[in-house]
Amino acid sequence: MSDEEADPDDHDADETAGDLEAVLETVREQVDPSPDERERLRAVADRLAARAEDAANDLEPGADVLQAGSTARDTWISGDRDIDIFVRFPPELDRATLERYGLEVGHATLPEGHEEYAEHPYVKGVVEGFDIDVVPCFRLESATDIRSAVDRTPFHTQYLEARLDDDLAADVRLTKQFLKGIGAYGSDLRTRGFSGYLTELLVVEYGGFRPLLEAATEWQPPVELDPEDHGQASFTDPLVVIDPTDPERNVAAVCSAANVARFQHYARALLESPMLESFEADDPDPLSESELRAHLERRGTIPVAIRFNAPNVVDDQLYPQLYKSLSGITQGLDDLDFDVFRGTTFANETAVIFAELTVVEQPAVERHQGPPVHVPGHAKGFYSAYADDPDTYGPFIEGGRYVAEREREFTTARGFLESDQLFDVGLGAHVETALENEYDVLVGDEITALLDEFGAELRRYFEPRP
């Protein structure tokens, strides 16, 4: 084929591919740790691992130490400062002894560290600018024998170390930065996104960053991947990746449908129009009062918010309770015909359940449609319930059914939100306790009071992106 006869789509595809490689090369320069950065991390990690192993063997001869996480697998992004040191003890130890030994080793390794608690206590500290976790676990033959979630981590490290070469590790770094840029990285229960381990498995499964993007554009959830073809359980999650070390676990269980869709959307966008902005995290400026008022006037909805002191629990406890409370409160508003348009929740020093309503005030009566008159049992019961109620209009017959118009319990959304009936909806336990202590209800323009603390969150809400 002559140049004049060449397909213009081929030229466009070549140009886009070239643009993508240029973008990825720039991102690599930003995310790949420098030789000096690698050396400093390695020196700190080796020194602390040796210190931990000495302390562990003083307590239990035969104990060993394994560095885990992204810094062990060379999938960490420049600027990350996390070093995870796992101290493995023989399985013959009981749980209480493991925890006690683990804390002793942790404090010997990090004399100025402090104790934190996941499934069991561990020691955390900072050394030369690096965040260090010293975590005890059992040394087991198989991940299916685990006694707590942390026992699984060494198996993940061993599995991936055998499969990640330098090129794949570099592509993991690209993928992580991409997920950070689109707001879908992190397995915490606030983000409900892609964990580091899940990201690594996906890159290995598809053979690189670009093949993963291309595959994601064609995903039809539920997507099911089983790298070792050994799955023994079924799942209903939008993305299922069977743990190569545990046939009954979905590594992607925490990943929400929204974040799977978000990854697909931005994968398609990056392949079609490569831009550095795809790798840059959204950090919006706070919404100003005039901007907020302009949004409210343009939308014509009525915002309502419940604001209270945030419960003193970690985010992984707080956010599931906030999401549950948001669902319960918005359902309560919908059940009372206040018609929730959209809602969200956010937290800092205080916490907020926020919703937009299309209706904020109702008439004093509501319509209650009963059964058909020809259904004797139900019809008789309905008629008897309202026939002698002086506050009810009817019962009367309309279209073959009994109908009653009765006094509405709440004519305003504020009335419901300030009433004891708020506590009859599904609330998270700590949220319910916080609300019992004190909370404020904000309606309409009153939500401008949220701007000082939540201006950025309000901008994300009123100026949403995929």
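**Close-up 1. Helix α7 and what surrounds it.** Right after α7 comes Gly207, with a positive phi near 85°. This is a predicted model, so read the views below with that in mind. α7 itself is mostly covered, with eight of its 11 residues buried. Those buried residues are Gly196, Tyr197, Leu198, Thr199, Glu200, Leu201, Leu202 and Val203. As for what does the covering, the list includes α3, α5, α6, α8, β6 and β7.

**Close-up 2. Where α7 meets α8.** How do the axes of these two helices cross? The axes of α7 and α8 come within 8 Å and cross at roughly 90°. That makes α7 roughly perpendicular to α8. On the α7 side of the contact sit Leu202, Val203 and Tyr206, and they meet Pro211, Leu212 and Ala215 of α8.

**Close-up 3. The largest nonpolar core.** This core has 42 residues, and the ones touching the most other members are Phe178, Phe194, Trp219, Leu239, Val241 and Phe263. Plenty of elements chip in: α1 (8-31), α5 (153-161), α6 (166-181), α7 (196-206), α8 (209-216), β6 (223-225), β7 (239-241) and α9 (257-272) each supply at least two residues. The biggest giver is α9, with six residues. As a general matter, nonpolar side chains in soluble globular proteins tend to be buried together.

**Close-up 4. Around Phe194, and a second core.** Zoom in on Phe194 and set aside its neighbours within four places in sequence. Its contacts then include Leu179, Ala184, Tyr185, Gly186 and Ser187. Also among them are Thr199, Leu202, Leu239, Cys255, Asn259, Val260 and Phe263. Apart from the core that holds Phe194, there is a second, separate one of 31 residues, and its members include Val304, Ile306, Ala351 and Leu422.

**Close-up 5. The four-stranded sheet.** In what order do the strands of this open sheet run? The order is β9-β10-β8-β14, and the pairing is antiparallel. At the edges stand β9 (340-347) and β14 (440-443), each with a single partner strand, so one side of each has no neighbour in the sheet. From one strand to the next, the twist averages 15°. Helix α11 (residues 315-335) packs on the sheet, where it touches β8, β9 and β10 (350-357). The direction of α11 makes about 155° with that of β9.

**Close-up 6. The β8-β14 pairing.** Strand β8 (residues 302-309) and β14 run antiparallel and are joined by four bridges. To find your place along the pair, look for Arg307, which stands opposite Asp440 in β14.

**Close-up 7. The Arg173-Asp32 salt bridge.** A search of the whole structure turns up 32 salt bridges, and here is one of them: the side chains of Arg173 and Asp32 meet at 2.8 Å, N to O. Arg173 belongs to helix α6, while Asp32 is in the loop between α1 and α2 (35-59), so the pair ties together parts that are 141 residues apart in sequence. Is each partner buried or exposed? Arg173 is buried, with a relative accessible area of 3%, whereas Asp32 counts as partly exposed at 25% relative accessibility.

**Close-up 8. The Glu37-Arg81 salt bridge.** The closest N and O atoms of Glu37 and Arg81 are 3.0 Å apart in this salt bridge. Glu37 lies in helix α2 and Arg81 in the loop between α3 (70-73) and β2 (82-89), so the pair links parts that are 44 residues apart in sequence. Glu37 is buried, with a relative accessible area of 5%; Arg81, at 24% relative accessibility, counts as partly exposed.

**Close-up 9. A salt bridge within α2, and a network.** Here the side chains of Arg42 and Asp46 meet in a salt bridge (3.3 Å, N to O). Both residues lie in helix α2, four residues apart, which is about one turn of the helix. Arg42 is partly exposed, with a relative accessible area of 30%, and Asp46 is partly exposed too, with 43%. For the network, look to Asp32, Arg38, Asp74 and Arg173: salt bridges that share partners join these four into one.

Notes. Residues are numbered from 1 along each chain as its sequence is written. This is a predicted model: local features need pLDDT of at least 70, side-chain atom pairs count only at pLDDT 80 or more; totals for chains, interfaces and linings use all residues. Side-chain values use heavy atoms; hydrogens and water are left out. Two strands pair if DSSP finds at least two bridges between them. Axes are lines fitted to C-alpha atoms, for helices over the stretch in contact, and angles run from 0 to 180 degrees between N-to-C directions. Contact means heavy atoms within 4.5 Å. A nonpolar core is a set of buried Ala, Val, Leu, Ile, Met, Phe, Trp, Tyr and Cys residues joined through side-chain atoms within 4.5 Å. Buried means under 20% relative accessible area, exposed over 50%, partly exposed in between (1.4 Å probe, protein chains only). Angles under 35 degrees count as roughly parallel, over 145 as roughly antiparallel, 65 to 115 as roughly perpendicular and the rest as oblique.
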